[in-house]
Amino acid sequence: MTPVATYEHIIDELANRDYVVVDGLIESEILFDLRAELIKKHAGEALQRAEIGNGANRTINDLIRSDKISWIDKDSRVPCEQAYYRAVLAFSTYLNRACFTGISDFEFHYACYERGTFYQKHVDRFKNDAKRKFSFITYLNDTWQYGDGGELKLHLEDKVIEVQPIFGNTVIFKSHLIEHEVVENNMVRYSVTGWLK
């Protein structure tokens with residue numbers, strides 16, 4: 001699909017189902033470079049334990065989430081991070097024009113779920129901060145197979161959707177509407193995760 005056709009498909013799915021899983025939104029070359037960058041950070045112990053809450057309410061709670069993250073600077077000089085942000089900006093600009101969503105900012109981090117880690121069911125919007133409009137996850141697992149775990153479960157009103165963390169897939173959903181979780185994994189799981197605000 002052309003970028004415009006992909007964007008229109010995403011918009012239609014978000015309007016009809018509040019979520020979408022799309023392949024090919026981000027070029028494979030960018031994804032492989034992001035994966036290499038994340039693996040380097042993981043090996044160099046540059047990832048930090050992920051927190052829950054915001055502001056003064058930030059805390060680490062292993063019973064709720066046990067992944068590790070590294071925030072991606074908006075002014076990054078790493079080419080693959082710049083390219084990823086350009087792709088996100090192109091999509092969010094189109095989304096604003098087509099749907100008047102008012103997105104003016106975004107934030108992303110690398111995420112690593114080591115073997116045996118998880119994230120319990122939650123929503124992505126803080127009680128004291130309603131800025132997050134869309135959650136945006138791109139998977140970097142080029143050898144993932146069924147049984148490796150780490151699936152994303154989207155808890156909809158009438159059913160639960162299970163998204164496999166396959167390389168190149170991007171999941172977008174309305175941050176305040178859909179409860180979701182990352183199930184315990186059997187293999188290391190990599191992604192870039194963030195929010196359009």
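**Exercise 1. In this predicted model, determine whether Thr138 is buried or exposed, and describe its surroundings.**

Solution.
Step 1. Thr138 has a relative accessible area of 1%. The limit for buried is under 20%, so Thr138 is buried.
Step 2. Its place in the secondary structure is strand S6.
Step 3. Set aside the neighbours within four places in sequence; Thr138 then touches Ile26, Leu31, Tyr84, Asn169, Thr170, Ser191 and Val192.
Step 4. With one of these residues, Tyr84, the side chain of Thr138 makes a polar contact of 2.8 Å.

**Exercise 2. State the strand order of the open sheet with 7 strands, and name its edge strands.**

Solution.
Step 1. The order is S1-S9-S6-S11-S4-S3-S2, and the pairing is antiparallel.
Step 2. S1 and strand S2 (48-49) are the edge strands, since each pairs on one side only.
Step 3. For S4, take its two partners in turn. With S11 the pairing is antiparallel over 8 bridges; with strand S3 (residues 68-71) it is antiparallel over 4 bridges.
Step 4. Individual residues fix the register. Phe106 faces Leu196 in S11, and Phe108 stands opposite Gly194 in S11. On the S3 side, Ser70 has Tyr110 of S4 as its bridge partner.

**Exercise 3. Explain why S4 is described as largely enclosed by the rest of the structure.**

Solution.
Step 1. In a regular strand, side chains alternate between the two faces of the sheet.
Step 2. On one side of S4 are Phe106, Phe108, Tyr110 and Cys112, and on the other are Glu107, His109, Ala111 and Tyr113.
Step 3. The residues of both sets are all buried, and both faces of S4 are therefore covered.
Step 4. The tally is 8 buried residues of 8, so S4 is largely enclosed by the rest of the structure.

**Exercise 4. Identify which elements supply the largest nonpolar core, and which residues have the most contacts inside it.**

Solution.
Step 1. This core has 35 residues. Those with the most contacts inside it are Leu34, Tyr84, Phe108, Phe136, Ile172 and Leu196.
Step 2. At least two core residues come from each of helix H1 (3-17), strand S1 (19-23), helix H2 (28-43), helix H3 (79-99), strand S4 (106-113), strand S6 (134-139) and strand S11 (189-196).
Step 3. H3 gives the largest share, 8 residues.
Step 4. A further core of 18 residues lies apart from this one; among its members are Leu152, Leu154, Leu156 and Val163.
Step 5. Take Leu196 as a sample residue of the largest core. Beyond four places in sequence, its contacts include Val88, Phe91 and Ser92, as well as Phe106, Phe108, Phe134 and Phe136.

**Exercise 5. Classify the ring pair of Tyr7 and Tyr94, and place it among the aromatic pairs.**

Solution.
Step 1. A pair of aromatic rings is described by the distance of the centres and the angle of the planes.
Step 2. The count of aromatic pairs is 10.
Step 3. For Tyr7 and Tyr94 the ring centres are 5.2 Å apart and the planes stand at 50°, so the pair is tilted.
Step 4. The two residues are 87 residues apart, Tyr7 in helix H1 and Tyr94 in helix H3, and the pair thus links distant parts of the chain.
Step 5. Tyr7 is buried, at a relative accessible area of 12%, and Tyr94 is buried too, at 15%.
Step 6. Both belong to a cluster linked by ring pairs, made up of Tyr7, Tyr84, Tyr85, Phe91, Tyr94, Phe106, Phe108 and Phe136.

**Exercise 6. Find which ring the charged end of Arg132 sits over, and which face Arg189 lies over.**

Solution.
Step 1. For Arg132 the ring is that of Trp195, with the charged end 3.5 Å from the ring centre.
Step 2. For Arg189 the face is that of Tyr113, at 4.8 Å from the ring centre.

**Exercise 7. Describe the setting of His122 and its polar contacts.**

Solution.
Step 1. His122 is part of strand S5 (residues 119-122).
Step 2. Its relative accessible area is 13%, and His122 is buried.
Step 3. A polar atom of the His122 side chain lies 2.8 Å from the backbone oxygen of Gln120.
Step 4. The side chains of His122 and Asp124 are joined by a polar contact of 3.2 Å.
Step 5. Outside its neighbours within four places in sequence, His122 is in contact with Ile178, Glu179 and His180.

How values were computed: Residues numbered from 1 in each chain as written. Predicted model: local features only at pLDDT ≥ 70, side-chain atom pairs only at ≥ 80, totals over all residues. Heavy atoms only, no water. Core = buried A, V, L, I, M, F, W, Y, C linked by side-chain atoms within 4.5 Å. Buried < 20%, exposed > 50% of the residue type's maximum accessible area, 1.4 Å probe, protein only. Contact = heavy atoms within 4.5 Å. Pairing = 2+ DSSP bridges. Phe/Tyr/Trp six-rings, centres within 6.5 Å; stacked < 30°, edge-to-face > 60°. Lys NZ or Arg CZ within 6 Å of the ring centre and 35° of its normal. Polar contact = N/O pair within 3.5 Å; in protein donor to acceptor, adjacent residues only side chain to side chain.
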